[in-house]
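Please look through the model below with its sequence alongside. The paragraphs after it are meant to be read with both in view.

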Amino acid sequence: MVGWSRLLTPAAKFANFRAVLQTPACRNALQQQLRRMGGDHGHHHMTIKPSRFQWDKFKDLMHFYVMLGLIPVTGLVLYANIFVGPAQLAEIPEGYEPKHWEYEKHPISRFISRYLLNSEQQNYEKSLHYLFEENEKAQIRLLEDQVRRKMSERNDYQAYYYRPSVAKYHRVSKEAADELEALRGD
């Protein structure tokens with residue numbers, strides 16, 4: 001409770017001056033603050049008002065992007081629709097194979113298909129290449145697993161699990177393993 005009373009004391013002091021702030025003279029002074037400019041050469045003053053910087057910046061950027069983007073794009077679309085128009089179906093001449101962009105109806109979609117996007121054949125071949133690469137990686141992983149398994153079976157090559165040791169002891173352990181295998185008689 002002590003903390004709340006500390007917060008309420010400035011509000012109570014402000015309430016004492018409420019009657020003064022309600023007077024018309026004070027209300028006009030708060031609404032219209034003036035900054036007197038130097039000199040005695042007439043009524044030089046600047047009205048102090050809240051900043052409109054964000055609003056003006058928004059309007060400037062909106063006009064900029066409308067002029068930069070919306071108007072040229074609208075002009076381009078109107079030109080394409082009025083002067084070029086949609087494609088018409090026609091017979092394909094003998095021996096001619098149409099390009100992939102010639103199947104599009106609208107001139108803008110033809111332009112996008114021709115210069116910006118890949119053809120369906122290219123996309124298909126790219127996906128086949130991706131599958132081929134993944135298959136090669138899988139085969140390499142299988143081969144590496146087989147090599148590791150054989151190396152661990154035979155105990156005769158340096159490998160991923162190899163810890164360097166003196167060769168004399170390795171030969172002795174290999175001979176002992178060979179003798180044990182001969183005694184078992186597999």
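What follows goes from the overall make-up to one helix, then to its packing and finally to the salt bridges.

The model is a predicted one, and the protein in it has 186 residues, of which 5% count as buried. Its secondary structure comprises seven helices and two strands, and when these are read along the sequence they give the pattern α-α-α-β-β-α-α-α-α. Among the contacts with a separation of 6 or more, 11% are accounted for by residues 24 or more positions apart.

Helix α4 is a convenient place to begin, since several of the features described here involve it. This helix runs over residues 53–84, which makes 32 residues, and from its first C-alpha to its last it reaches 45 Å, close to the 46 Å expected at 1.5 Å a residue. Along the way α4 contains a kink of about 40°, and the centre of that kink is V66. After the helix comes G85, a residue with a positive phi, near 80°.

How does α4 sit against helix α5, and at what angle do they pack? Two packed helices are described by the angle between their axes and the distance between the axes. For α4 and α5, the latter spanning residues 107–115, the angle is about 115° and the axes are 9 Å apart. Angles of 65 to 115 degrees count as roughly perpendicular, and α4 and α5 are therefore described as roughly perpendicular to each other. At the residue level, the α4 side of this packing includes V77, A80 and V84, which meet P107, I108 and R110 in α5.

The salt bridges can be taken next, and a search of the whole structure finds five of them. One of these lies in α4, where the side chains of D56 and K59 meet with a distance of 3.8 Å from N to O. The two residues are three apart in helix α4, so about one helical turn separates them. Both partners are partly exposed, D56 with a relative accessible area of 30% and K59 at 29% relative accessibility.

Helix α6, which covers residues 120–154, holds a pair with a like spacing, for E134 and K137 both lie in it, three residues apart, or about one turn of the helix. E134 forms a salt bridge with K137, and the closest N and O atoms of this pair are 3.5 Å apart. E134 counts as partly exposed at 28% relative accessibility, and K137 likewise counts as partly exposed, at 40%.

Further along α6, which residue does D145 pair with in a salt bridge? The partner is R148, and the closest N and O atoms of D145 and R148 are 3.3 Å apart. D145 and R148 are three residues apart in helix α6, so they too are separated by about one helical turn. As for exposure, D145 is partly exposed with a relative accessible area of 39%, while R148 is partly exposed with a relative accessible area of 32%. Beyond such pairs, there is also a network in which R52, D56 and K59 are joined by salt bridges that share partners, and this brings the account back to α4, where D56 and K59 lie.

Methods:
Residues are numbered from 1 along each chain as its sequence is written. This is a predicted model: local features need pLDDT of at least 70, side-chain atom pairs count only at pLDDT 80 or more; totals for chains, interfaces and linings use all residues. Side-chain values use heavy atoms; hydrogens and water are left out. Helices (H or I, at least four residues) and strands (E, at least two) are DSSP runs, numbered from the N terminus. The expected span of a helix is 1.5 Å times one less than its number of residues. The bend at a residue is the angle between axes fitted to the seven residues ending there and the seven starting there. A salt bridge is a side-chain nitrogen of Lys or Arg within 4 Å of a carboxyl oxygen of Asp or Glu. Buried means under 20% relative accessible area, exposed over 50%, partly exposed in between (1.4 Å probe, protein chains only). Axes are lines fitted to C-alpha atoms, for helices over the stretch in contact, and angles run from 0 to 180 degrees between N-to-C directions. Angles under 35 degrees count as roughly parallel, over 145 as roughly antiparallel, 65 to 115 as roughly perpendicular and the rest as oblique. Contact means heavy atoms within 4.5 Å.
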